[in-house]
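Morning, everyone. Please have a look at the structure on the screen, and then I'll walk you through one helix and a few salt bridges.

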Amino acid sequence: IGPNGAGKTTMLQVLAAQLHPTEGTAHLLGETLGAVDVFELRPRIGVASAALADRIPKSERVADVVVSAAYAVMGRWRETYDELDEARVGDLMRRLRVDHLAERTFGTLSEGERKRVQIARALMTDPELLLLDEPAAGLDLAGRESLVATLGELAGDPNSPAMVLVTHHLEEIPRGMTHAMLLADGGIVAAGPIKQILTDDALTTTFGLPLTVSED
């Protein structure tokens with residue numbers, strides 16, 4: 001959590017093994033960046049972000065958007081998928097409540113539907129780590145609340161991967177998230193168990209204006 005320019009997206013790029021730190025050492029899934037083949041590491045990480053969504057062909061069939069993650073490609077071409085792949089696509093799309101959109105094209109979806117399809121795609125390879133970069137950005141009130149509820153179900157599922165979510169808004173934190181990190185000006189303001197970190201003082205320091213936080 002943090003304001004614009006705090007370093008949230010940069011940190012997420014490090015966690016996605018897309019960016020190496022300019023100093024210090026980054027340890028990820030038991031490996032050290034710079035001492036591991038990132039092409040072997042990246043399939044263990046699922047990512048859903050606006051930048052990734054921009055690369056998805058608008059004419060792509062929704063079911064193909066999800067299944068093509070198995071080959072780490074954008075846009076299905078000549079690759080082949082087995083029955084297990086197709087079955088997993090069906091399961092994930094039902095779990096994210098987009099199975100009725102399977103035959104639609106990605107470009108015809110609403111913003112909320114696109115977010116759900118992206119998360120289904122990010123889960124396709126059964127990752128150990130799921131990274132969500134502002135998943136509720138751009139959604140209306142109903143779409144945001146529905147997506148946050150779905151993410152809460154994922155966070156509470158013991159079979160789900162570890163989840164890291166970037167957001168500006170406390171109301172977008174799903175139930176089941178256990179820890180928080182507050183960032184400002186490229187540094188850590190506070191980090192630890194969520195109820196200990198999301199305090200009036202810590203948030204006031206992070207965003208630079210008087211804030212109070214409550215949970216209902």
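Start with helix α7. Which of its residues are buried? They are Arg144, Leu147, Val148, Thr150, Leu151, Gly152 and Leu154. Keep in mind that this is a predicted model.

Now a word on helices in general. An α-helix has 3.6 residues a turn, so residues three or four places apart point the same way. Bear that in mind as you look at the list.

What do the buried residues of α7 pack against? Two helices and two strands: α5, residues 83-95, α6, residues 111-123, β4, residues 129-133, and β5, residues 162-166.

Next, a quick check on length. Helix α7 runs over residues 141-155, which is 15 residues. At 1.5 Å a residue, the helix should span 21 Å. The C-alpha atoms at its ends are 21 Å apart, so the model agrees with the expectation.

Stay with α7 for a moment, and take Arg144. At 17% relative accessibility, Arg144 counts as buried, because the cut-off is under 20%. Arg144 also forms a salt bridge with Glu171. The closest N and O atoms of that pair are 3.4 Å apart. Where do the two partners sit? Arg144 is in helix α7, and Glu171 is in the loop between β5 and β6, where β6 is residues 179-184. They are 27 residues apart, and the pair links distant parts of the chain. Glu171 itself is partly exposed, with a relative accessible area of 43%.

On to another pair. Arg95 forms a salt bridge with Asp157, and here the closest N and O atoms are 2.5 Å apart. Arg95 lies in helix α5, while Asp157 lies in the loop between α7 and β5, so this pair ties together parts that are 62 residues apart in sequence. Buried or exposed? Neither: Arg95 counts as partly exposed at 33% relative accessibility. Asp157 counts as partly exposed too, at 24%.

One more pair. Arg61 forms a salt bridge with Asp64, with the closest N and O atoms 2.9 Å apart. Arg61 is partly exposed, at 29% relative accessible area. Asp64 counts as buried, at 12%. And there is a third partner: Arg61, Asp64 and Glu103 are linked in a network of salt bridges.

How many salt bridges does the count come to? The count is 12. We have looked at some of them, including Arg144 with Glu171 and Arg95 with Asp157.

That's it from me. Over to you.

Terms used: Residues numbered from 1 in each chain as written. Predicted model: local features only at pLDDT ≥ 70, side-chain atom pairs only at ≥ 80, totals over all residues. Heavy atoms only, no water. Helix = DSSP H or I, 4+ residues; strand = E, 2+ residues; numbered from the N terminus. Expected span 1.5 Å × (residues − 1). Buried < 20%, exposed > 50% of the residue type's maximum accessible area, 1.4 Å probe, protein only. Contact = heavy atoms within 4.5 Å. Salt bridge = Lys/Arg side-chain N within 4 Å of Asp/Glu carboxyl O.
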